[in-house]
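Welcome, and thanks for taking a look at this one with me. Here are some notes to read alongside the structure.

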Amino acid sequence: DEETPLPTTSSLHNNRVVGSHNNDLKIVLGCRPDLNKIVRKMSKWCKKNNCSSVGVSVCGPNNLINQVMSTCRSASSSSKSSSTVTFLVDEETFEW
């Protein structure tokens, strides 16, 4: 049985790729990632691979952190079934 690869942020949006460390990590300029799409794809991957929780690290301004926390909270409570994936958010706030 072949393991399904994890979705990556590079595969979840269509912005200009300016660099690449490897096939899984792309450096993209010009926008924030589509958080809803990332969380949806990760949730789908977790359900398919029998994973019940995801750790999410976010570092940045309050607005970004609030957006990530809200998206993860909604995804964690969106399903009443036992197959709900829980997103656990760790945050570090900074402003510039």
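1. Let me start with the helix pair. Helix α1 passes helix α2 in a right-handed crossing. Helix α1 covers residues 35–48 and helix α2 covers residues 62–77. Their axes lie 10 Å apart and make an angle of about 35°. Please keep in mind throughout that this is a predicted model.

2. Which residues in α1 and α2 meet? From α1 come L35, N36 and V39, and from α2 come Q67, V68, T71, C72 and A75. Sorted by class, the contact of α1 with α2 has five nonpolar residues, three polar ones and no charged ones.

3. Stepping back, the protein has two helices and four strands. Read from the N terminus, the order of its elements is β-β-α-β-α-β. Of the contacts in the protein with a separation of 6 or more, 61% join residues 24 or more positions apart. As you trace the chain, then, do look for partners far along the sequence as well.

4. A word on confidence before you go further. The mean pLDDT of the protein is 76, and 65% of its residues reach 70 or more. Where is confidence lowest, and where is it highest? The lowest is strand β1 (residues 17–22), with a mean of 47, while strand β4 (residues 86–93) has the highest, at 92. Over residues 9–21 pLDDT stays under 50, and for that stretch the model has 25 contacts beyond four places in sequence. I would read those contacts with this in mind.

5. Now for burial and surface. The protein has 96 residues, and buried ones make up 28% of them. About 7,000 Å² is exposed, with carbon and sulfur atoms supplying 48% of that area.

6. Is S43 buried or exposed? S43, in helix α1, has a relative accessible area of 12%, so S43 counts as buried, the limit being under 20%. Leaving aside neighbours within four places in sequence, S43 is in contact with V85 and F87; F87 falls within strand β4 (residues 86–93). The C-alpha atom of S43 is separated by 8.8 Å from that of S53, which is 10 residues away along the chain.

7. S77 makes a useful companion to look at. S77 sits in helix α2 and counts as partly exposed because its relative accessibility is 45%. Its C-alpha atom and that of F87, 10 residues apart along the chain, are separated by 9.6 Å.

8. Strand β4 also holds D90. With 51% relative accessibility, D90 counts as exposed because the cut-off is over 50%. Beyond its neighbours within four places in sequence, D90 is in contact with V56, S57 and V58. The C-alpha atoms of D90 and M69 are separated by 9.1 Å, with their positions 21 residues apart along the chain counted as their spacing.

9. Finally, please look at the backbone of N50. Most residues other than glycine have a negative phi. N50 has a positive value, with phi near 60°. N50 is found in the loop between α1 and β3 (53–60), and N50 counts as exposed because its relative accessibility is 75%.

Conventions
Residues numbered from 1 in each chain as written. Predicted model: local features only at pLDDT ≥ 70, side-chain atom pairs only at ≥ 80, totals over all residues. Heavy atoms only, no water. Axes fitted to C-alpha atoms, helices over the stretch in contact; angles between N-to-C directions. Left-handed = near helix turned anticlockwise from the far one by under 90°. Contact = heavy atoms within 4.5 Å. Nonpolar A, V, L, I, M, F, W, Y, C, P; charged D, E, K, R; others polar. Buried < 20%, exposed > 50% of the residue type's maximum accessible area, 1.4 Å probe, protein only. pLDDT = per-residue confidence, 0-100. Areas by Shrake-Rupley, 256 points an atom, 1.4 Å probe, with all protein chains shown as cover.
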